[in-house]
Every structure is written in structure tokens, then in C-alpha cells.
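Got the structure open in your viewer? Let's walk through it stop by stop, with a selection to make at each one.

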Amino acid sequence: MAIDPEQTPRAKNGRAPDVMTPGGWVSMREYPENEEVDFVIVGTGAGGGTLACKLAEAGFSVVAFDAGPYFRPLEDFASDETEQNKLYWTDDRIVDGDHPIKMGSNNSGKAVGGSTVHFAMVSLRFRPEHFKTRTALGYGVDWPIDWQDMWNYYDEAERALHISGPVSYPWGPKRGRYPLRAHPLNAAAEYLARGAEALGIKWTETPLATLSAPIGQSAPCVYRGFCVTGCSTNAKQSVLVAWLPRALKAGAEIRDLAMVGRIETRNRRCTGVHYQREGEWHFQKARNVVVAGYAVETPRLLLNSANEEFPDGLANSSGLVGKNLMVQLNQAAWGQVDDEIRSYKGPPSLAISEHWNYDDDKDFHGGWSYMSQGPLPITWAKSLAGGRNLWGQALIDEMARNNHSVGLKMVGEVLPYERNRVTLADDTDQYGLKIPRITFSLGPNEEAMIDHATDFMDKSLEAVGARERWKEMDDTCHLGGTARMGFDAKTSVVDADCRSWDIPNLWVCDGSVFPTVGGVNPSLTIQAIACRTGDRIKQMSARGEL
Amino acid sequence: MLGLSVLADSGLEHYRGSFRNPAMVFPLLSSSMAIGFNGRRLEKPLSDEKTGPLVSHLTSAATGVVGLGFHLYNVMKRPGGLTFTNLFYAAPAGAPFALALAGALGSTADRLARGKDTLGPIHLTSGRAIGLLTSFGLIGTVAEATLLHFRGAYHDPFMWLPVALPPVTAASLARDVVDDQPRQITTSLLAATAAMGLIGVGFHAYGVARNMGGWKNWRQNLLVGPPTPAPPAFTGLAIAGLGALMLMKKRRKARG
């Protein structure tokens, strides 16, 4: 009975896994390949999965593809970091530049539900000025979407994910009450709180996409602490748990283990996608194609789809597909304290300060926030080995003191630079597709922000009595920017509705449309954009503008 | 009834806190003692035993008041001090109050059983003092339920019930006390509140079931789920309120 979900597709024969019950199934509508469906969506993460739900509920026929397996969290997820590497996209890629990006856990996912299956659940809104950095703050580039418009879609996404957050959020314009109350703080979070109070800045409980009260078939969070290797209780409101069951119910089809390799065009319009499933190449006809593969796979697919009509790749008349790749800075400060911390207990980022997203009195551009940390053992060993060059007995001895280690980690804004980009390498992967080359270098602005942030976090730890403090200087998280949205076809790839300027029935809906990445985790913003795009498509369809 | 609710609830919650502060056993001892003495009073209403019950009721009241201090200290010492998160997750500030109430009600019952009309300067036979105390008790218990059900984000509509009904009951009882006129509607409201406290155990048991592993994982979920022994505190108070009404009626009859 036990089939390997990484080898054999599960969503087939009119049914898909019911992630809420062990061994359960839900019925799934299936579309024949020669039927021209309204929307093919490539990727089922924060962008694609959310949009699949929105479009299916709006009455469109939707087939959503994911290259990864359809996991059942209640059965397939182990309390084991190594086993859970199966959630990351670890296919061949070339990374280069002055600061090559470590691809894997912090910035990719290869599973139905995408990287939200293992994200840290931090669900924050951009500050209003983040949408207008050029005109309001003098750097980067403006978004073509107004923050007030986004505020409504943040509301929608927060309700759908039953976000647990503080009763009142200390920064930014008024927002509605979070659907659920905040979780209790663990010791690591209390250290952030006391440090912030000692330094005279505000802190709060982090709004998280994990339940603090039972909702539907999901039990509240049990504080198991393996959030970033996949929640095995379904308290985490990943796309796999929150949006896709709704999408299936509304008639969407999900094809797991289905790698889309090329988008076909004729007469300058998309006609469908070529995809590999169970070792064979297939073609699915579609009226519209949405690419939602995140900031590496999205430009890769657009570039790999180059043909006679579009020799530079699809949607690339601006030449910007793959360019302006951004990460977020993820440096940390650590120390030792007398108290027992056991920071791996509970969600890893229970407390946050967004002070430096709202205080613009800095000698560099951009914002950053910081959160308490709760690394699992292997992650911690890697931090110590990489950050402090500990090895052998010295590493073992330091690992043994982990229960008293406490740390703070930043999420910092990286500016868009055209030199940071995704291109195609000549090598090919297991599907026979050209692999991406990911080129990335930090600039002086990022270096200044890192210095500022690590110094400040170090001061916060010092203020609460942490000793033997050290800084972890080499880490990044999240991606964005390789198919940016904008005001015109010359300076952007898609418009505010995520529709490509060049091909009217080609859309991009994921983090790659971000013109700037802001100083907070991006997942909620991606989902809010997907909600907005879903509504816009519905409106345009009603007006016959598709 | 109130004593039982306190014993079970504080036992469960203080066990959860691993009795980290040795003083955490006191409410268990004093509520057990209260149950013992009050139970015996039920058996032998005319017993002239004085010292034991008196010590018990005084201990209950004192433990309640001191506990209030401990719980407030526990809230305030956390980062942020008086914040919602600390009120939700630190020691519940209002809970020890129930023990103090149990002490006061126990003393009252004692005095009345022995045919005494007063407890210190307070006249008891009219029922009005007990009625007022019960009204306050109900309001305090409602405050606790309101806070903790807000922590649960009122995810189940029935969670509004203990927030909505008892204040009406308390107001009606207070009105009767002020007017010195027991009304039928108050009796009905008190009966409904008493029933609600018992039904609440069922809802809380369902709440426990909705945690990961359900009742199969009872050793964990009894501690993290909604507290099953808490709702009967309403029942205990409502019964005291009914007693107060009876006293008021009796006296009116006597006056003719």
C-alpha cells in the first residue's frame, strides 16, 4: 500500500490526498489534456496555490502543477532535520557572484504547497512606504500597487490563514484584529522582549500562521518546534493545509510530481505547457498560463521557453526577466546566558521588533526587522561550524551548551541590482532542462545594514546579560525580484495585476514580481498579491478583458 | 461545589506548573479542607463543631487573597507586564478569588446552620448579603471566562454563553437584593446559570478532544485544553444565589 510520494504521483484517478486525515482522500476534478482549461498554474506555493484557490472559487477551470510530491503532513513528516531535507529544492543549480546564495532550506521548496510547507510562519505586512520606496524614501523603485489596496488583501490572507497575532500591533497604520490570539512566548522570545525594553524600543508577539485555537480539523499548535522542517500536526497554515483543500473543493485539479519545462506560444499568445510526469512529456492546453515558481524557477521557465517568436524568452522584451534578484539578509547575534533557554521549543520566531522598519534615521537605505531564534540541532551545528569555525571536540563541547544559547536574527532588505540575476547554464538536470545560474553579490548598502543590525542585536543581548557573544555573518533568506511588476513594459515584466506586458495571457504570481523586498518576511505579501490577482482576473473576465 | 471546582482546577493547573513554588500546594490543601468541612456540615447540619470549620474557612479566604497577590506578581514579572499575552498565559489573576469566595460562603453557611444571624457586622438571615456576594462572585467569574475565551478567539460561538448569561443573572440577583424582593425570573436565571456550569464541562471536554491526539492524549491535552473543572464554579455560585433567594423568601413569609 505504501507508495513513495516522491516517486509516484498521489493526485490521480479523480482523487487527491486529504491532508487532514491519515490515509484519507478527497475527490478531485480532472481535466483532459486536450481540453483548453482556463488557467494552468505552474507552482502551488504562496503565489500559485493561493491563486489556484481564488480562481477555482471564482468559477474558472484550473490545473495547478507542482514539481514536488503531495505530502501528507500527519504521516510523512519526521522529527528529523535530515529526513525533512526532502522538502527543499535541491536539484542542480550553479551559484556564483561575490556572495553565492546557499540554495535550499531558506529559499526554496519542492512540494505541493511550496516552501510554505516548511516556512517559519512569520506573517507580516509591508510598511506603507515599502510600496513607494522611490518617492517616499528615495531608493529602489515604486510598486504599481497602493498600500491601502494591499491592506484589504492582507486582511483577506490573514483571515484565510487564521493568523495568531498580538491584540494590537505597535507599528504602522491601523489593522483589523488578528483572527486568533498570540502564542505564549518561549524563553528566547522573552530575551528579545527584555532586550528591546532595555534599549527603549518596541517589541511584540510575532504574527504567526499557526493556530492558537482549534479551527476546522486543525488542532492548535503543540509547540513541537519542528516548524521549519514541516509541521506534522497541521497547526501550521501552509498553502498545503489552508488554500489547496479549498481549491480542490472548488474544482481545481492539482498535478503533483509534474515538472513544467516549457510554455508553448502561437501568434504571440500562450497555448499551454509541456510537462514531465512519470517519466513522460505531456502537453496541457490552456487559455492562460500563470508562472508561480518563485524567483529562480520562474525566470528559468520563462527563459527556457524561448522560441522563434520570443528568442530572448517569454515576457522578456524589457530584458528584465531574471534580473534584479534580491535575497533578504539573515545575519544573527548569539550569546550564552545562565537561564535555561531551550530555544528550539515552540515556533522559532515568537517575538519581533520592527523598530528599524519604521525608524528612517539610518545612514543606509532600506529596513530590517529582527526576531528571536530557535535553531534545530543540525542547523545550530552548521551555524557554529560556519560562523565560528568550530570543529571536532570544540564543536561537540559547544553543542552541549545549546540549552543556554540565545540569539536574534535579522530579516533585512536588499536593494535591487540588475547585476544580481538568474540566467541559464549549459548543463541540464534530470528532466533534460537547462539549469539556472544564480549570480549574487551584496553591495555597500547591504554591508552597512548588516553592520548596523548585528551591532544592534548584539547590544540587545548584552543588555540582558548574555556573555560570549558572537555574530553569524553569512546567511540569507527569501528571494524576490526576477520578474518585477511595474508601471510600463520598458521597466518591468508584469503589470500591477501580475499580467505580462508582452503576452496578454501569461501571468507571473509569486515573489519574483516584487520590485523591492522590504524588511519583513515575504510570504504574506505574496499571498495578498495572489488574492488581489485573483480578484482582478475575475473582474477583467467579467468585462471580457482576458 | 465551588471548592471542588477550585481543587480540581488549581490541582490541574498547579501540576502543570510543576508546583515550582512550594506555596502552590496551599490552594489544594485549603480547598480540600473546605470540601471536607462543608461536606460534613451537609451530613450533620446541626453539629456544633466550631474551630475546625472556622480555621478552614479563614484559610480558604486567606489563601485566596494571598494567591491573588502571587498570581499578579507572576503576571507583572513577565516582559511587558500587564499585557494580554501575560494575562492569557501567566497565572490567572482572578482564579484565587474563587477560593476566597468559597471561604466566605462556607463561613456564612456555618453561621446560619448554627442559628446565628450575623457574621461579624453583616446580617445574614435576610439573604441579601449572600446575594450581593454571589453577584460579585459571578461578575468576577465572568471576567475570567471573558478573558480566557477571548484568548481562544471565541472560535466556537457557544463560548459567548458564559460571557452573556451570568452578567444578566448577577444583575437580576443584585436588583432583587437591592429591592429586597425575590423574583421568579432570578430563580430561573440562577437555575440556567447552574446548568450552564455543568454543561460547560461537556463543552470543555469537547475542546480537549480538539487538541492534537484528542482524549487519547489526555495526559497532555487535559493540561493544554480548556480547563474541564472550571465551568462548575458558575454552578457553585448560582446555588449560593438560590440559597440567598430562599432566605429572602423565608423572611418575607415570616414578616407576612
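Start by selecting domain 1 and domain 2 of chain B in two colours: their centres, taken over C-alpha atoms, are 17 Å apart. To make the selection, take 1–124 for domain 1 and 126–256 for domain 2; these bounds come from an automatic or database domain assignment. Before going on, note that this is a predicted model, in which local features need pLDDT of at least 70 and side-chain atom pairs count only at pLDDT 80 or more, while totals for chains, interfaces and linings use all residues. Residues are numbered from 1 along each chain as its sequence is written, and chains are lettered from A and ligands numbered from 1 in the order in which they are written.

Now look at where the two domains of chain B meet. There, 22 residues of domain 1 are in contact with 22 residues of domain 2 (two residues are in contact if their C-beta atoms, placed from the backbone, lie within 7 Å). Which element gives the largest share of the domain 1 side? That is H1(B), with 7 residues. Select helix H1 (2–16) of chain B, then add helix H4 (84–89), helix H5 (96–113) and strand S2 (122–123), the elements that give two or more residues to this side. Helices (H or I, at least four residues) and strands (E, at least two) are DSSP runs, numbered from the N terminus. Colour the domain 1 side by class and you get 15 nonpolar, 4 polar and 3 charged residues; Ala, Val, Leu, Ile, Met, Phe, Trp, Tyr, Cys and Pro count as nonpolar, Asp, Glu, Lys and Arg as charged, and the others, Gly among them, as polar.

Zoom out to the whole of chain B. You'll find 10 helices and 2 strands, and from the N terminus on they run α-α-α-α-α-β-β-α-α-α-α-α. The C-alpha trace of chain B spans about 60 × 40 × 35 Å along its principal axes. Try colouring by pLDDT, the predictor's confidence in each residue, from 0 to 100: chain B averages 89, and 100% of its residues score at least 70.

Next, show both chains together. The predictor gives the complex an ipTM of 0.91 and a pTM of 0.95. How many residues does each chain bring to the contact? Chain B brings 13 and chain A brings 19. On the chain B side, select H4(B), which gives the largest share with 4 residues. By class, that side of chain B has 6 nonpolar, 5 polar and 2 charged residues.

Hide chain B and turn to chain A, with its 13 helices and 22 strands. Its C-alpha trace spans about 65 × 55 × 45 Å along the principal axes. Of the 546 residues in chain A, 56% are buried, that is, have 20 or more other C-beta atoms within 10 Å of their own, with C-beta atoms placed from the backbone (12 or fewer is exposed, in between is partly exposed).

For the last stop, go inside. A nonpolar core is a set of buried Ala, Val, Leu, Ile, Met, Phe, Trp, Tyr and Cys residues joined through C-beta atoms within 7 Å. The largest one has 160 residues, and A:Val40, A:Ile41, A:Val42, A:Ala52, A:Val62 and A:Val290 touch the most other members. Bring chain B back for a second, separate core of 43 residues, including B:Val177, B:Leu190, B:Ala194 and B:Ala240.
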